[in-house]
Amino acid sequence: MVDQYCEDPSHEDKEMATTTEGANLLLYLKRKLLSAETAGKLEYMKYKVLSQNGLYSYARTKRKAPRIEVDEAPLPQGAISGPSAPQEAIEVASPRGRRLPEEPQLQVIQGLFYGKYAPPDLPPVPSLRSLIQVHSKPFEKQLTSSDVRDDQSRLSMCKEDVENHIFPLLKDDEDPNQGIPVTTYDMGGNEYPMVFKTWVSKTHVLTGGWKSFCHDRGLVEKTDFVTVWVFRNVVNGSLCFAINSRRFPAVSEAIKKRRRQN
DNA sequence: GTACTGCATGGGC
DNA sequence: CGCCCATGCAGTA
């Protein structure tokens with residue numbers, strides 16, 4: 001696209017027009033009130049770009065309230081409005097994990113993620129904030145070929161992550177061996193119905209909508225890493241996942257996961 | 001045949 | 001050696 005402009009002798013005029021157009025668009029957008037859906041998508045794009053460059057630190061960034069005033073979905077009854085609504089979200093401690101209140105949270109996370117990456121404790125999806133009260137900390141997985149292959153495409157998760165981040169959130173009547181229906185959200189707030197299940201062989205998987213999630217985002221093995229948050233929908237109590245992905249084109253081998261030292 | 005599920009296996013740690 | 005997990009492939013709808 002840029003090359004075309006360079007070869008075109010009248011490109012300066014066009015460029016000028018484009019610049020003016022762009023400036024007008026930016027001015028317009030600055031005043032534009034966004035729908036919840038559009039705001040969510042923009043937030044997702046921002047998060048994706050910044051998280052890939054390791055620049056995103058959602059938890060530490062002071063954020064203005066999202067400009068959502070038109071078409072905003074009504075908040076569930078009892079929910080406090082505003083960006084900091086679920087302040088008292090309850091984090092479920094892992095059975096093995098010790099809770100050391102003085103310890104900075106970032107240190108706890110480090111070592112579990114690839115590179116310098118500290119995803120927020122809560123999925124950075126504005127439309128989900130009022131739904132989350134009970135949740136666990138995120139975990140990450142480098143995708144394998146069986147995670148993304150068309151004839152398989154189920155997300156397998158390791159024992160440690162499942163025991164630490166999913167099992168603590170399960171209710172008594174939810175049996176992973178039977179399969180638990182879950183709703184998975186992407187960073188745009190789009191829903192994918194999936195099933196979380198533990199096979200007889202003790203493999204833990206996410207099936208069902210995982211395939212379309214994979215397709216929609218064009219996920220590939222090894223270079224793509226998914227971050228998984230697990231929480232309960234405070235309104236209907238259902239088990240929910242939120243999944244984001246980051247891509248490292250330079251990564252072409254399986255990364256060995258560091259053993260947790262307890 | 002196609003899409004999907006889930007058990008069994010073997011390599012790696 | 002035992003455990004874990006990626007995946008091969010058999011079975012089902």
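Start by selecting S146 and DNA strand C: a backbone N or O atom of S146 sits 2.9 Å from a phosphate oxygen of the strand, a polar contact (a pair of N or O atoms within 3.5 Å; within protein, one must be able to donate a hydrogen and the other to accept it, and residues adjacent in sequence count only if both atoms are side-chain atoms). This is a predicted model, where local features need pLDDT of at least 70 and side-chain atom pairs count only at pLDDT 80 or more, while totals for chains, interfaces and linings use all residues. Residues are numbered from 1 along each chain, and side-chain values use heavy atoms, without hydrogens and water.

Next, click on K159, where an N or O atom of the side chain is 2.6 Å from a phosphate oxygen of DNA strand C. Then try R154: a polar side-chain atom there lies 2.9 Å from a base oxygen of DNA strand C.

Now move to the aromatic rings. How many aromatic pairs does a search of the whole structure find? There are six, and rings of Phe, Tyr and Trp (its six-membered ring) pair if their centres lie within 6.5 Å; planes under 30 degrees apart count as stacked, over 60 as edge-to-face and the rest as tilted.

Select Y192 and F213: the ring centres are 5.2 Å apart and the planes at 75°, so this pair is edge-to-face. Both Y192 and F213 are buried, meaning under 20% relative accessible area (exposed is over 50%, partly exposed in between; 1.4 Å probe, protein chains only).

Finish at F196 and F241, with centres 6.3 Å apart and planes at 35°, so the pair is tilted. Ring pairs link F167, F196 and F241 into a cluster.

Notes: Chains are lettered from A and ligands numbered from 1 in the order in which they are written.
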